[in-house]
Amino acid sequence: MRKRSSIFECIEFSSRTKIRFSNITETQMLELAEFLAPLLKVGDSILLYGDIGCGKSVFARGVIHQRYRIEKAAIEDVPSPTFTIVQVYDSISPTITHVDLYRINSVEDVEILNLDREIAMPKIIFIEWPENLQTDRNVDVIIDLEHDNQARHASIECKDTNIESSIKTYYENE
């Protein structure tokens with residue numbers, strides 16, 4: 001993990017399940033991604049909300065790179081899946097699937113992707129533009145990224161209280 005910046009100086013606990021980081025830099029967002037990387041487990045679905053350019057792919061890339069470092073594996077190129085729609089990283093365990101639904105327009109498009117198909121290797125899945133799913137799915141972590149000309153913000157909601165507890169514990173011991 002890179003040297004800590006001040007990501008935990010930007011934290012506020014707005015509810016029992018929602019944690020907000022205000023006025024964060026891209027470096028701090030990557031620090032948050034690296035912190036969350038080892039906390040994610042097989043089967044987790046992470047939904048990434050936010051406007052174009054707010055850092056959804058940057059965040060997912062940060063998690064994926066950290067998982068490569070944890071496994072001491074050679075880090076692969078981690079492009080945004082904007083044009084490929086789905087990128088699969090199966091040289092690490094668990095496999096990570098990164099999906100960008102920006103160009104998805106219908107339920108039929110989502111069904112063609114078959115996001116819930118059984119694969120031989122267990123996986124963690126990141127979904128950008130989840131509002132384009134047009135269906136409900138089980139969600140473990142919701143990350144909402146916002147930006148304006150002045151600041152970037154991140155909110156995290158976790159179904160898994162272990163992730164939330166880890167963030168709070170780390171913050172309290174910082």
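Start with helix H1 (26–36) and look at what its buried residues pack against: S2, H2, strand S7 (141–147), strand S8 (152–158) and helix H4 (161–173). Keep in mind as you go that this is a predicted model. Colour H1 by burial and you will find it mostly covered, with 9 of its 11 residues buried. To pick them out, select Gln 28, Met 29, Leu 30, Glu 31, Leu 32, Ala 33, Glu 34, Phe 35 and Leu 36.

Now step back along the chain to Asn 23, in the loop between strand S2 (18–21) and helix H1. Is Asn 23 buried or exposed? Asn 23 counts as exposed because its relative accessible area is 52%, and the cut-off for exposed is over 50%. Check its backbone too: phi of Asn 23 is near 50°, a positive value in a residue other than glycine. Most residues other than glycine have a negative phi.

Next, select Ile 85, in the loop between helix H2 (56–70) and S4. Ile 85 also has a positive phi, of about 70°, and is not a glycine. Here the side to look at is burial: Ile 85 counts as buried because its relative accessibility is 17%, and buried means under 20%.

Follow the chain through strand S4 (86–89) into the loop that leads to strand S5 (95–100), and stop at Pro 94. Which peptide bond here is cis? It is the bond from Ser 93 to Pro 94, with omega near 0°. Most peptide bonds are trans.

Move on into strand S5 and select Thr 97. Thr 97 counts as buried, because its relative accessibility is 7%. Show its surroundings and you can find the residues it touches, leaving aside those up to four places away in sequence: Val 86, Gln 87 and Val 88, together with Lys 123, Ile 124, Ile 125 and Phe 126.

For the last stop, turn to the largest pocket, which has a volume of about 180 Å³. How many residues line the largest pocket? There are 14, and to find its centre you can select the ones nearest to it: Gly 53, Lys 56, Ser 57, Thr 82 and Glu 128. Helix H2 gives the largest share of this lining, with 3 residues. Colour the lining by class and you will see 5 nonpolar, 5 polar and 4 charged residues.

Key
Residues are numbered from 1 along each chain as its sequence is written. This is a predicted model: local features need pLDDT of at least 70, side-chain atom pairs count only at pLDDT 80 or more; totals for chains, interfaces and linings use all residues. Side-chain values use heavy atoms; hydrogens and water are left out. Helices (H or I, at least four residues) and strands (E, at least two) are DSSP runs, numbered from the N terminus. Buried means under 20% relative accessible area, exposed over 50%, partly exposed in between (1.4 Å probe, protein chains only). Contact means heavy atoms within 4.5 Å. On a 1 Å grid over the protein atoms alone, a cavity is a set of points where a 1.4 Å probe fits but cannot get out, and a pocket is an open set with protein on both sides within 12 Å along at least five of seven lines; lining residues have an atom within 4 Å of a point. Grid points are joined across faces, edges and corners, and a volume is the space filled by probe spheres set on the points. Ala, Val, Leu, Ile, Met, Phe, Trp, Tyr, Cys and Pro count as nonpolar, Asp, Glu, Lys and Arg as charged, and the others, Gly among them, as polar.
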